[in-house]
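Visitor: I should like to be guided through this structure by means of questions and reasoned replies. May we begin once it is displayed?

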Amino acid sequence: MATFLYKLGRLSFRRRRYVALLWVLLLGGIGYASSAAPAPPADSFSMPGTDSQKAFDLLDERFPAASAEGATARVVIRAPEGEKITDPAAKAEVDQLVAALGKGAQVAGVADPYKANAVSKDGTTAYASVTYKVISTELTDKTHDALTDATDKTRAEGFTVETGGDAVQAEQEMGGSAELIGIAVSAVVLVITFGSLIAAGLPLLTAIIGVGIGVSGIAALGSVLNLSGTTSTLAMMIGLAVGIDYALFIVSRYRAEIAEGREPEEAAGRATGTAGSAVVFAGLTVIVALAGLSVVNIPMLTKMGLAAAATVAIAVLIALTMIPALLGFAGKRALRRKDRKNLRSRADSKDSKGSKDWGLTKPGAAHSTEDARKTKPNLGTRWARLVLRRPVTVLLIGVLGLGAVAVPATSLELGLPDEGTSAPDTTQRKAYDLLSESFGAGFNGPLMVTVDTGGTKDAAAAAKTVGTSLAKVDGVAAVTPASVNPAGDTAIITVVPTTGPSDHRTEELVKTIRSEASGLEADTESDVLVTGQTAMTIDFSQTLDDALLPYLGLVVGLAFLLLMLVFRSVLVPLKAALGFLLSVAAALGAVVAVFQWGWLADVVGVDQPGPIMSMMPIFMIGVVFGLAMDYEVFLVTRMREAYVHGARPAEAVVTGFKHGGRVVGAAAVIMISVFSGFIMENDDMIKMMGFGLAIAVFFDAFVVRMAIVPAVLALLGKSAWWLPRWLDKLLPNMDVEGEKLHKSLTPASSPAAEDEREDRDNDEDRELEPVRG
């Protein structure tokens, strides 16, 4: 692979104008297609095969009015202090409100609270349900204004009026600038890392082009493949982070090759062949993890995963082709001014001595022995030597520290956000609280029970029997009379629990009703199913729980095979997988502490602590695993490269950190900044994703990969690179570390090879001297 990528890098370098033009034209073409495409659909939620989805589909077919996907609003009215909502004056005011709510082209109907039995027992509160002909995203500003004007007029008369439901326009807060924040911070980190504006600009430019192509493609295909706005947000989040990182590693390797005296074209080819190989396998692990979300069998997650995986694939292709092309334009200007000056000085020194430039020297051979002794070890080298001296201490501190952070994860409570988790000062939350106070906690999470006779029996009689039975179940506060469709073969019963929608006792009630459904079906000769938002949430959590182990096995298993191909080892991939589990557990613990317990809630911007979104654990496992393997591949590949070129195990660890520690640290900071920018979004799901991914990358990059990994490798020694002979013969040699490429470019009899062996021996002695001591 390294040889192929080496040739691809040199080809892209030579044909840089065509390569750059091709990507720019592709961006423009897809961008135009996205601008001409219809607007993306709203987020849809379905779970094929679950009881709640079966009931929903049944209602959509047999009882369209009950399962209409139009937006809804629930207007809650409370009479002034000391008055009743049933008083004549109050009733007249509510009638005017209902009449005002019913006006508008998009309104389908308004339920009069006095006719719909929507008045509280104490007579102080009532609510009016408004249904619309279109979904919430298609409501016009005029419709929103009409709803607001009607409620404001009644509020001005001294009534308390609050509104909930998806028809209510969310208050606009800071949002949509997450990617700009991430790019700004990334730019600062890149400038500090490279010390060159040109080198810093290359990863940003290619990442923006890659994300632009990916997001524009999602928008262009949105209406065809039913891809929502949330899908593009995840693709942007992941694509921007990996796009910058992948380009960063190749540019960094190119600078190292140039600094060793190679010509730009040769340096670009070698950088693409070595660092590019790591990019390919790192990208594959991310793609496997994201595409693996398909096994959960939830369409929303599947689309999000596949769209993000496609964006990652684009980032890999751009890193392998456009980066070498842009390096062709940049040349040696990708180096710092100081480094370019040093190169010229060394070139002048060689010319004055009449030395030959073979162009095949090994990295490091261009420096004299005297210069190398005077060079101060960089931070990565000093850190690696420290870990090698105290591996057990570092390992214990890292494992115990992450274990302590992971403790809150044992209290994980899953659910989906509802209006009860909205900010206390929003009208949605106030309406939720008013309904809970006046009608009971379960009123905000009613269950919808469908009774389907299949046309063979009267649905009204069957529903009456079912309703009478359910009213006797513990945890049921009320059962409304059945509504029957015109055909008379399907009925709906609304069951109001005594507990709120996020209460675990409500979940137990759903299970109880479903367990008794078999007996009721036999008695009534009908199918009894439970649905509604609360039941959908419960089924969603159960679906994710059932899919967790198969998904984990699939992703970890495939990634384990990929890492065995990369490292030619059994223990290194195993260590990588165990380290990932530790970091993702710690990240979940941090998410629980902030979003569920409320620690640092004001800092992060959490309006109301509550249950963690049901998809968060499996989503974090998928995304974090892919990202964690990025750093494992980039850092340990350098160690493997040194080891196969003759370095001893301890020296290989030092070499890996010497050349890759700074770059991996910068890449982690960039990825953290990109994800952290999404914490400022006002979408609860995006905010939680951004925080969870940012803290997971921090734990994995700086604790697991930077501390635990070198400590484990130090303890394992040569055993870390052990691979059974039979397995070594069975696995294809992908040459990720570039051993074959190196041999093909450095013939054994060449002067460069002789200099290389001599310099390598000298380097080994110098670098291992402090470790031996």
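**Charged pairs, strands and a cavity**

Guide: At 57% relative accessibility, E437 counts as exposed. Please bear in mind that this is a predicted model.

Visitor: With which side chain does E437 meet in a salt bridge?

Guide: E437 lies in helix 15 (residues 427–439), and its partner is in strand 1, 359 residues away in the chain. That partner counts as partly exposed, at 21% relative accessibility. The N to O distance of the pair is 3.4 Å. The side chain that meets E437 is R78.

Visitor: How many salt bridges does a search of the whole structure find?

Guide: Side chains of opposite charge can pair when their charged atoms come close. The cut-off for a salt bridge is a Lys or Arg side-chain nitrogen within 4 Å of a carboxyl oxygen of Asp or Glu. In the whole structure, the number of salt bridges found is 18.

Visitor: By about how much of the helix are R270 and E266 separated?

Guide: R270 and E266 form a salt bridge, with their closest N and O atoms 2.8 Å apart. R270 is buried at 6% relative accessibility, and E266 is buried at 11%. Because the two residues are 4 residues apart in helix 9 (residues 264–291), their separation is about one helical turn.

Visitor: How many residues apart in sequence are the parts tied together by R568 and D728?

Guide: The closest N and O atoms of the salt bridge between R568 and D728 are 2.8 Å apart. R568 is in the loop between helix 18 (533–567) and helix 19 (571–596), whereas D728 is in helix 24 (residues 725–730), so the pair ties together parts whose separation in sequence is 160 residues.

Visitor: Is R568 buried or exposed?

Guide: The cut-off for a buried residue is under 20% relative accessible area. R568 has a relative accessible area of 7%, whereas its partner D728, with 37%, is partly exposed. By that cut-off, R568 is therefore buried.

Visitor: Which residues are joined into one network by salt bridges that share partners?

Guide: The pair of R270 and E266 was described above as a salt bridge. Both residues belong to a network in which salt bridges share partners. Its members are R10, R14, E265, E266 and R270.

Visitor: What is the nearest side chain of opposite charge to D245?

Guide: D245 lies in helix 8 (residues 229–259). Leaving out residues up to four places away in sequence, D245 touches Y631, A667, I670 and M671. D245 is buried and has no salt bridge. At a distance of 12 Å, the nearest side chain of opposite charge is R705.

Visitor: Which elements give two or more residues to the lining of the second largest cavity?

Guide: The structure holds 4 cavities of 30 Å³ or more, and the second largest has a volume of about 60 Å³. The residues lining that second largest cavity are T206, A207, G210, V211, G239, G243, A247, T311, A315, I318 and A319. The elements giving two or more residues to this lining are helix 7 (197–225), helix 8 and helix 10 (299–330).

Visitor: In strand 4, what is the bridge partner of V76?

Guide: Strand 1 (residues 72–78) is joined to strand 3 (residues 125–132) by 7 bridges, and the two run antiparallel; A73 has V130 as its bridge partner in strand 3. Strand 1 is also joined to strand 4 (residues 160–164), again antiparallel, by 5 bridges. The strand 4 bridge partner of V76 is E162.

Visitor: How far apart in space are V107 and G70, C-alpha to C-alpha?

Guide: V107 lies in strand 2 (residues 107–111) and is buried, at 11% relative accessibility. Beyond its neighbours within four places in sequence, V107 contacts L101, G102, V130, T131, Y132 and K133. V107 and G70 are 37 residues apart in sequence, and their C-alpha to C-alpha distance is 9.6 Å.

Visitor: What percentage of the residues of the protein chain count as buried?

Guide: The protein chain has 26 helices and 11 strands. Among its contacts with a separation of 6 or more, 80% are between residues 24 or more positions apart. Of the 773 residues of the chain, the share that counts as buried is 53%.

Notes. Residues numbered from 1 in each chain as written. Predicted model: local features only at pLDDT ≥ 70, side-chain atom pairs only at ≥ 80, totals over all residues. Heavy atoms only, no water. Buried < 20%, exposed > 50% of the residue type's maximum accessible area, 1.4 Å probe, protein only. Lys, Arg positive; Asp, Glu negative; His and termini not counted. Contact = heavy atoms within 4.5 Å. Pairing = 2+ DSSP bridges. 1 Å grid on protein atoms, 1.4 Å probe; cavity = no way out; pocket = protein on both sides within 12 Å on 5 of 7 lines; lining within 4 Å. Points joined across faces, edges and corners; volume = space filled by probe spheres on them.
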